[in-house]
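Subject: Structure handover

Hello,

Here is the structure I said I would pass on. My notes on it follow below.

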Amino acid sequence: MTAVKRPRKAAPRKALASVRKWKRRAEARPDELLDAALDEFMARGFDSARVEDIAKRAGLSKGAVYLYFKSKEDLLRALIEREVGPVLSRVGDLARHAEDPRATLHLIARTAAAAVAQPRLISIPLLVIAVANRFPDLRDFYREEAAMHAKGGVEALIRRGIKLGQFRKVDPHAAARALIGGILFEALWAHVLCGPTKIAVPGWPDGHIDLILKGLEKR
């Protein structure tokens, strides 16, 4: 006698919803861990932060952290990629594809100042600076994957401005350092030394660029 095949019952809606929710939760975990890691790094510093405390902030077990990240260094590297890399890549892209170098310098200064005015974002390069001597791989990763995009882009922009006759002939390397250095010092002044700052004032970046373009000498 041939057995009658019964159609499979459809999975209950509640079960399907639970599976989807679990999948979304699993996909979100790396970002949740990075958010928790940044909170812990900002609160305790890189060296004093513990993986178990990062896991606790994220509502996970310590073992769950290692499913996604091998170490605290990997967490900081991922934070560089997620938070800082896109901002500095945007600065580099703006610089490399600019038709008006003078106007683009102003736009870059505003973009950079808005970024470094954010305590959470600027805390990441400050963390790298703090551990650079002991973690040269992290230092090199930050330089190659983040800082070089912005520096190289600004140098290319200044060369283009010279070629178009907007800027006088200067050393693009030195000019890029002057532009970037002024913004970074203001970030250190605001977030590390806690000095009075205009970094969040809308017109400050334009004043910085005006100084770079015209210098101090009276004409």
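I begin with one acidic residue: at 10% relative accessibility, Glu155 counts as buried, because the limit for buried is under 20%. Its salt-bridge partner is Lys151, and the closest N and O atoms of Glu155 and Lys151 are 2.6 Å apart. Both Glu155 and Lys151 lie in helix α7, which covers residues 136-164. They are 4 residues apart in that helix, about one turn. Please keep in mind throughout that this is a predicted model.

Other salt bridges

The structure holds 18 salt bridges in total. Some of them share partners, and in this way Asp31, Asp35, Arg82 and Glu83 are joined into one network.

Within that network, the side chains of Asp35 and Arg82 meet with an N to O distance of 2.7 Å. This pair links distant parts of the chain: Asp35 belongs to helix α1 (residues 13-44) and Arg82 to helix α4, with their positions 47 residues apart in the count. Asp35 has a relative accessibility of 33% and so counts as partly exposed. Arg82, at 26% relative accessibility, also counts as partly exposed.

A salt bridge also joins Arg120 and Asp39, where the closest N and O atoms are 2.5 Å apart. Here too the pair links distant parts of the chain, as Arg120 sits in helix α6 (residues 119-131) and Asp39 in helix α1, 81 residues apart. Arg120 is partly exposed, with a relative accessible area of 35%. For Asp39 the relative accessible area is 29%, so Asp39 is partly exposed as well.

Overall build

What does the chain consist of, in helices and strands? The protein has 9 helices and 0 strands, so the run of elements from the N terminus on is simply α-α-α-α-α-α-α-α-α. Of its 219 residues, 37% count as buried. The protein exposes about 13,900 Å², and carbon and sulfur atoms supply 56% of that area.

As for contacts, consider those between residues at least 6 apart in sequence: 67% of them join residues at least 24 apart.

The nonpolar core

The largest nonpolar core has 56 residues. Helix α4, residues 72-96, gives the most to this core, with 10 residues. Helix α4 is also where Arg82 of the Asp35 salt bridge is found.

Which residues have the most contacts inside the core? They are Phe41 and Leu76. Leaving aside residues up to four places away in sequence, Leu76 touches Phe41, Phe46, Ile124, Leu127, Val128 and Leu138. The two residues with the most contacts inside the core, Phe41 and Leu76, therefore also touch each other, with heavy atoms within 4.5 Å.

A buried threonine

One polar residue is worth a look in the viewer: Thr104, in helix α5 (residues 101-116). Is Thr104 buried or exposed? Its relative accessibility is 10%, so Thr104 counts as buried. Not counting residues up to four places away in sequence, Thr104 touches Leu94, Ala95, Ala98 and Leu157.

That is what I have for now.

Regards

Technical notes: Residues are numbered from 1 along each chain as its sequence is written. This is a predicted model: local features need pLDDT of at least 70, side-chain atom pairs count only at pLDDT 80 or more; totals for chains, interfaces and linings use all residues. Side-chain values use heavy atoms; hydrogens and water are left out. Helices (H or I, at least four residues) and strands (E, at least two) are DSSP runs, numbered from the N terminus. Buried means under 20% relative accessible area, exposed over 50%, partly exposed in between (1.4 Å probe, protein chains only). Accessible areas come from the Shrake-Rupley method with a 1.4 Å probe; for residues, only the protein chains shown count as cover. A nonpolar core is a set of buried Ala, Val, Leu, Ile, Met, Phe, Trp, Tyr and Cys residues joined through side-chain atoms within 4.5 Å. A salt bridge is a side-chain nitrogen of Lys or Arg within 4 Å of a carboxyl oxygen of Asp or Glu.
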